[in-house]
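User: I'd like a close look at one part of this model, with the side-chain contacts elsewhere as a follow-up. Could you walk me through it in plain language?

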Amino acid sequence: MALRVAVICAALIGLAQQAPPQTPAFRTGTTLVPVDVRVLDRNGKPVTDLAEREFVVLENNVRQQIRHFSAQALTADTAPPAPEPLRRLEGPAPLGTQTRRIFLIVLGRGRLQPPARGVDGMIHFVRERLLPQDMVAVLAWNRATEFSTDHAQVVELLERFKKQHERIEADMAQHFSGLAAIYGSREIPARLQTAIDSVFAAPNAPGLRTVPENAAPDARRVAEDQRRMVDAVQRAELLAQGLAGGRLTESVEGVLPSEGMSLDDLAAITSQTGQDVGKLTAGIQYLRHLDGEKHLLFLSPSGVFLPRAEDDRNLASLAADARVVIDVIHTGGQPAFRPGFQGPDWRPMTSQTVAQETGGSYSSLLMAREFADRLDTATRFQYVLGYYPANSTLDGRFRRIAVRVTRPGVTVHFRHGYFATRELPAIDRRHLLSYSRVTAVASALTDVKDIAITVTATNVAPAAGQARGVQVQVKIPPDRLTLIEKDGRRTGLIDVAIFCADARERLVGQSWNAVDMAMEPQAFERFKTTGLTYNSRIPVSVEARFVRVVVYDYAGDLAGSMMLRIK
């Protein structure tokens with residue numbers, strides 16, 4: 001049993017509102033809006049000799065004055081790859097030169113080898129096309145690796161995935177089938193989790209992290225649309241007119257899938273979409289906090305099944321705002337050969353929209369190896385433009401960007417917009433990242449064990465002058481915490497968030513504290529053996545029955561959580 005997501009999120013919002021007021025730093029008006037632009041010729045090769053005067057930038061159809069212009073060409077770094085982790089943003093970042101690329105390979109649900117040989121294409125991409133300094137990570141199911149320049153280790157993981165994923169996917173498809181896939185839990189059962197972990201946790205594998213499922217844009221409404229589809233199929237109330245290929249429009253109240261789709265087909269596709277969109281959203285949110293432009297490479301047999309055209313744009317807008325380029329390859333071939341669709345299949349439209357709106361590429365026709373080669377070529381050179389928006393009003397709306405090049409015969413790739421919102425200042429970037437991570441982990445349906453915490457909790461009766469409370473003890477192992485040596489001491493900072501709920505899972509008490517660690521050498525030696533013990537008494541309004549604890553290590557960007565029922 002887990003605390004309801006709405007309760008956790010409400011608690012987190014309440015804690016955030018209790019934080020000291022901050023002086024906002026404006027992304028519009030005082031900070032350049034960066035636009036990463038790739039210009040390709042008819043053969044898909046970068047055009048490298050364009051001048052600033054050949055670019056036109058529009059925001060909401062209003063021409064903008066270009067205030068920053070640079071060209072960036074990437075070549076192999078002869079120096080050994082830097083071992084340090086990726087730099088997280090510390091406030092509005094200057095538009096400096098990027099010396100490496102960042103790729104997150106997201107392996108979607110389903111069989112990814114035939115006919116495009118998708119996994120082989122990714123192995124080729126990592127082994128033969130990445131530059132030595134390029135950072136890469138792999139995300140599949142609910143597990144992901146750390147970003148690394150050790151490409152050989154990533155290739156070994158992909159080789160294991162290639163050998164084992166079809167068997168795991170067959171078991172997943174059987175488990176998430178029928179009405180259980182629609183109405184049942186989305187938690188992966190233990191036997192399948194063990195098989196998944198064997199792909200990631202082999203000797204010498206890159207560092208492993210749990211991927212909490214992040215809520216996609218309009219997740220509740222998407223779920224309602226999918227539920228209405230199920231009801232329609234179950235009642236066999238198929239409309240012959242009023243829908244363009246079964247796709248929901250603003251003026252249509254009924255929601256139906258493509259004609260001829262069975263309930264089993266719909267259940268399987270809906271389950272796959274929920275899990276894949278959750279991974280895409282989690283990947284975007286993680287990449288958001290890394291400096292510069294990032295690439296999310298999504299492999300899927302057929303793409304994701306979103307009920308409305310606006311769902312495509314919402315997902316794309318989330319990525320574009322984070323400077324995340326999404327490249328999509330459908331490894332299952334052309335739409336005509338996809339099972340379950342006798343009418344039009346709009347999944348390719350979704351993939352094409354998401355790729356185009358974020359400045360990426362999409363294909364369902366190429367072999368994965370050729371797709372990888374083209375992606376590598378296209379991303380070796382780019383232009384970076386920057387402008388101060390003529391409209392400096394922060395209305396929170398999505399501003400559409402258009403980039404045109406006056407030279408004929410070229411194709412221009414760029415992110416198509418951003419949200420005009422205020423951002424926290426540089427000094428509070430740690431709080432922003434911690435808030436984002438703790439929110440995701442606290443909302444997860446299962447415990448996150450990247451940091452394997454243990455928790456004990458007991459109810460404490462009210463004493464004189466004290467309210468009723470819960471005494472919580474959290475033991476944090478030392479092996480996954482990152483401590484930095486400074487002035488002869490080991491220092492670190494972790495967040496510990498505790499949520500208490502009654503028997504009906506209603507929030508009755510909470511706390512969120514930052515624990516500042518500064519250890520002398522002797523204390524650090526003891527810490528390496530005993531770890532850290534955190535004790536706290538949480539005031540509660542009534543007796544608590546559940547406690548959920550989240551621990552987040554900012555320096556290592558790792559988290560752990562545990563749900564406990566108080567006896």
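In what sense do E7 and E8 pair, and over how many bridges? Please start there, then build outwards.

Analyst: Keep in mind that this is a predicted model. E7 and E8 pair in the antiparallel sense, over two bridges. One contact to look for is Leu139, whose bridge partner in E8 is Ala144. The two strands make a hairpin with two residues between them, and Trp141 in that turn has a positive phi of about 55 degrees.

Now the other neighbour. Strand E6 (residues 102-107) runs parallel to E7, and six bridges join them. Here Leu104 has Ala137 of E7 as its bridge partner. The path between these two strands goes through helix H2 (residues 118-129), and E6, H2 and E7 together make a right-handed β-α-β unit.

How covered is E7 itself? Six of the six residues in this strand (residues 135-140) are buried. In a regular strand the side chains alternate between the two faces of the sheet. In E7 both faces are covered: Met135, Ala137 and Leu139 are buried on one side, and Val136, Val138 and Ala140 are buried on the other.

Just past the hairpin there is a ring contact worth a click. Searching the whole structure gives nine aromatic pairs. Among them, Phe69 and Tyr383 are stacked, at 5.9 Å centre to centre with 25 degrees between the planes. Phe69 sits in strand E5 (residues 66-73) and Tyr383 in strand E13 (residues 381-387), so this pair ties together parts 314 residues apart in sequence. The two rings differ in cover: Phe69 counts as partly exposed at 25% relative accessibility, whereas Tyr383 is buried, with a relative accessible area of 1%. The contact by the hairpin is Phe147 with Tyr286, also stacked, at 6.0 Å centre to centre and 5 degrees between the planes. Phe147 lies in the loop between strand E8 (143-145) and helix H3 (151-175), while Tyr286 belongs to helix H7 (residues 263-288), so the pair ties together parts that are 139 residues apart in sequence. Phe147 counts as buried at 14% relative accessibility, and Tyr286 counts as buried at 18%. Back at Phe69, ring pairs link Phe55, Phe69, Phe381 and Tyr383 into a cluster.

Helix H7 also brings us to the charged side chains. Asp276 and Lys279 both lie in H7, three residues apart, about one turn of the helix. They form a salt bridge, with the closest N and O atoms 3.1 Å apart. Asp276 counts as buried at 0% relative accessibility, and Lys279 is buried too, with a relative accessible area of 5%. Elsewhere, salt bridges that share partners join Arg101, Arg129, Asp134, Asp373, Asp376 and Arg380 into one network.

The total comes to 26 salt bridges. Another of them is Glu54 with Arg407, at 3.3 Å from N to O. This pair links distant parts of the chain, 353 residues apart: Glu54 is in the loop between strand E2 (33-40) and strand E3 (55-59), and Arg407 is in the loop between strand E14 (398-405) and strand E15 (411-413). Glu54 is buried, with a relative accessible area of 12%, while Arg407 is partly exposed at 26%. Finally, Asp120 forms a salt bridge with Arg117, the closest N and O atoms being 2.8 Å apart. Arg117 counts as partly exposed, at 44% relative accessibility.

How values were computed:
Residues are numbered from 1 along each chain as its sequence is written. This is a predicted model: local features need pLDDT of at least 70, side-chain atom pairs count only at pLDDT 80 or more; totals for chains, interfaces and linings use all residues. Side-chain values use heavy atoms; hydrogens and water are left out. Rings of Phe, Tyr and Trp (its six-membered ring) pair if their centres lie within 6.5 Å; planes under 30 degrees apart count as stacked, over 60 as edge-to-face and the rest as tilted. Helices (H or I, at least four residues) and strands (E, at least two) are DSSP runs, numbered from the N terminus. Buried means under 20% relative accessible area, exposed over 50%, partly exposed in between (1.4 Å probe, protein chains only). Two strands pair if DSSP finds at least two bridges between them. A crossover is right-handed if, with the strands pointing away from the viewer, the path from the first strand over the helix to the second runs clockwise. A salt bridge is a side-chain nitrogen of Lys or Arg within 4 Å of a carboxyl oxygen of Asp or Glu.
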